[in-house]
Amino acid sequence: MSGCAANGVLVLAGCALTAQGCTVAECGESGVAVGSGAAATLSGCELRANGGSAGAASVAIKPKGRAVLRECRVLDGSGMGVSLGEGAEGELERCALLRSGKAGLAARGAARLLLSESEVADGGAAGVMVLHGRGDAAAGAGAGCPGRASCSAGRDSRASPTLPCRGGRGRAC
């Protein structure tokens, strides 16, 4: 699907979405928005050039929403690649988050994020940001981290508030 004026896919509270091999491109807001109390599982999907002039996240996981992305590509969005709201849960495995207009990934408040065997590169800000409070982030082996001291290597290890990204344009990289 492409060219939607608002969100490409909107998953509302109490609903669950499973999508395989889909492309969501050039939406005016998020390519996929997962509402509070909703869940989404995306496998082998491509989210390209979403976010519009407002700079919405390509994948927006609202407070208390949950999303799992496996082998997905999130490319060229005007905002963050993936954004997790307060208390949201996100798991990204073997994904590529490339050329986001802002941070590749951002987790707020008590959000929980697991990033494994993924690449976050060439974003407009930090690769991964954990903001405002007690969010948990774990970067697994092969998470696209260049091996700097602020990047944790173990699957269950804690990450620093900002993980470096490769080749980013922002100062935090």
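A disulfide is a pair of cysteine sulfur atoms within 2.5 Å. By that yardstick, this predicted model holds 0 disulfides. Take Cys 45: the nearest cysteine sulfur belongs to Cys 22 and sits 4.6 Å away, so with a cut-off of 2.5 Å Cys 45 is in no disulfide. Cys 45 is buried, with a relative accessible area of 4%. Cys 15, on the other hand, is partly exposed, at 39%.

How far can the model be trusted? The protein chain has an average pLDDT of 82, and 76% of the residues reach a score of at least 70. Residues 141–173 are another story, as the pLDDT there is below 50. The model still gives this stretch 77 contacts beyond near neighbours in sequence. Where pLDDT is low, though, the predicted coordinates should not be read in detail.

Next comes the sheet. Five strands line up in the order β3-β6-β9-β12-β15, forming an open sheet with parallel pairing. Its edges are β3 (23–25) and β15 (119–121), each of which pairs on one side only. Going from one strand to the next, the twist averages 5°. In general, strands of a sheet pair through backbone hydrogen bonds, and they can do so either parallel or antiparallel. Here β3 and β6 run parallel and are joined by 3 bridges. In one of these pairings, Ala 25 has Arg 48 in β6 as its bridge partner.

Strand β6 is also home to Leu 47. Is this residue buried or exposed? Leu 47 is buried, because its relative accessible area is just 1% and the cut-off for buried is under 20%. Setting aside neighbours within four places in sequence, Leu 47 touches several residues, including Val 24, Gly 31, Val 32, Leu 42, Val 59 and Leu 75. There is a link back to the start of the numbering as well: Leu 47 and Met 1 are 46 residues apart in sequence, yet their C-alpha atoms are 9.9 Å apart in space.

Ser 58 is another contact of Leu 47. Ser 58 lies in the loop between β6 (46–48) and β7 (59–61). What is its relative accessible area? The value for Ser 58 is 1%, which means that this loop residue is buried. Again leaving out neighbours within four places in sequence, the contacts of Ser 58 include Ser 30, Asn 50, Val 74, Gly 77, Met 80 and Gly 81. Gly 31 and Val 32 turn up among the contacts of Ser 58, and also among those of Leu 47.

Terms used:
Residues are numbered from 1 along each chain as its sequence is written. This is a predicted model: local features need pLDDT of at least 70, side-chain atom pairs count only at pLDDT 80 or more; totals for chains, interfaces and linings use all residues. Side-chain values use heavy atoms; hydrogens and water are left out. Helices (H or I, at least four residues) and strands (E, at least two) are DSSP runs, numbered from the N terminus. Buried means under 20% relative accessible area, exposed over 50%, partly exposed in between (1.4 Å probe, protein chains only). Contact means heavy atoms within 4.5 Å. pLDDT is the predictor's confidence in each residue, from 0 to 100. Two strands pair if DSSP finds at least two bridges between them. Axes are lines fitted to C-alpha atoms, for helices over the stretch in contact, and angles run from 0 to 180 degrees between N-to-C directions.
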